[in-house]
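Trainee: I would like to learn how charged side chains are read in a protein model. Could you take me through an example, step by step?

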Amino acid sequence: MTDTIIVEGQTLSLDDVEPDHHYVKCHFTVSNAPIRLMDVSFDHCTFDQTNFDNGDFSRVTWTHSQFLNATWRETSWFDCNLKSLQLAGSDFSESVMKNTTFDACKLTYANFSEMRVENSKFLNCDLLESAFQAVRAKKTVKFDGSRLTGADFVETRLKGFDWHEAEFDTLSMSANLASGLVVSQYQAAQLIGMFGIEVK
């Protein structure tokens, strides 16, 4: 097994990132090529890059960075772990995610529309007013501890989605595509109220 090399406090180009490296408090300048990252971790790093469209990320661990209003369209995420990232307003539309976890990330107003997702999690994330329109999901997509108030799941088949430990006041969804959605008893009552159904 390859030992991980720790790089700390340096300024580098994203083109210089190497597998099996752990970057701590580094600053990364912009790359003009599509980003390809594999077997790497970033901790408390800063990035000039705001456009990550068409990037590929495999076995990447990313903690404590800010990417406000960054674009991540048509990116691929495999076996990644993203924790405590500021991703408000980020655009992940048409991306692919498999075995990937967002943990304690700020994802308010983020766009995940037309994404393909498999066996992934949003744990303790703030997803206020986020968009999950026309998402295609396989296996499970969990939202434990996350805020989903105002999120939009219209045109998304919700089989495999698990909201039972999430919180929301209101959200949008297609009732005819709700089969297989997992919710708590309290949430079931909320959803019934949203659809204007009266229980006597």
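**Charges on the surface and in pairs**

Mentor: Let us begin with charges of one sign, keeping in mind that this is a predicted model. On its surface, Lys98, Arg116, Arg136 and Lys138 gather in a patch of positive charge.

Trainee: Where is arginine 136 found, and is arginine 136 buried or exposed?

Mentor: Arginine 136 belongs to strand β13, which covers residues 136–142. Its relative accessibility is 55%, and because a residue over 50% is called exposed, arginine 136 counts as exposed.

Trainee: How should I read charges of opposite sign?

Mentor: The general idea is that side chains of opposite charge can pair when their charged atoms come close. In this structure there are 7 salt bridges. One of the salt bridges is formed by aspartate 126 and lysine 106, whose closest N and O atoms are 3.8 Å apart. Aspartate 126 sits in the loop between β12 (116–123) and β13, while lysine 106 sits in the loop between β11 (101–103) and β12, so this pair ties together parts that lie 20 residues apart in sequence.

Trainee: Which relative accessible areas do aspartate 126 and lysine 106 have?

Mentor: Aspartate 126 has a relative accessible area of 18% and is buried, because the word buried is kept for values under 20%. Lysine 106, with 33%, is partly exposed.

Trainee: Which residue forms a salt bridge with lysine 139?

Mentor: Lysine 139 forms a salt bridge with glutamate 118, and the closest N and O atoms of the two are 3.7 Å apart. This pair links distant parts of the chain, since lysine 139 is in strand β13 and glutamate 118 is in strand β12, 21 residues apart. The two partners can also be read by their accessibility: lysine 139 counts as exposed at 59%, whereas glutamate 118 is buried, with a relative accessible area of 14%.

Trainee: Which side chain meets that of arginine 147 in a salt bridge?

Mentor: That partner is aspartate 126, with an N to O distance of 2.9 Å in the salt bridge. Here too distant parts of the chain are linked, with aspartate 126 in the loop between β12 and β13 and arginine 147 in the loop between β13 and β14 (152–153), 21 residues apart. Arginine 147 itself is partly exposed, its relative accessible area being 30%.

Trainee: Which residues are joined into one network by salt bridges that share partners?

Mentor: Asp53, Arg73 and Asp91 are joined in this way into one network.

Note on methods. Residues numbered from 1 in each chain as written. Predicted model: local features only at pLDDT ≥ 70, side-chain atom pairs only at ≥ 80, totals over all residues. Heavy atoms only, no water. Patch = residues over 30% accessible without salt bridge, like charges linked within 9 Å, V, L, I, M, F, W, Y side chains within 5 Å. Areas by Shrake-Rupley, 256 points an atom, 1.4 Å probe, with all protein chains shown as cover. Salt bridge = Lys/Arg side-chain N within 4 Å of Asp/Glu carboxyl O. Lys, Arg positive; Asp, Glu negative; His and termini not counted. Charge placed at Lys NZ, Arg CZ, Asp CG, Glu CD. Helix = DSSP H or I, 4+ residues; strand = E, 2+ residues; numbered from the N terminus. Buried < 20%, exposed > 50% of the residue type's maximum accessible area, 1.4 Å probe, protein only.
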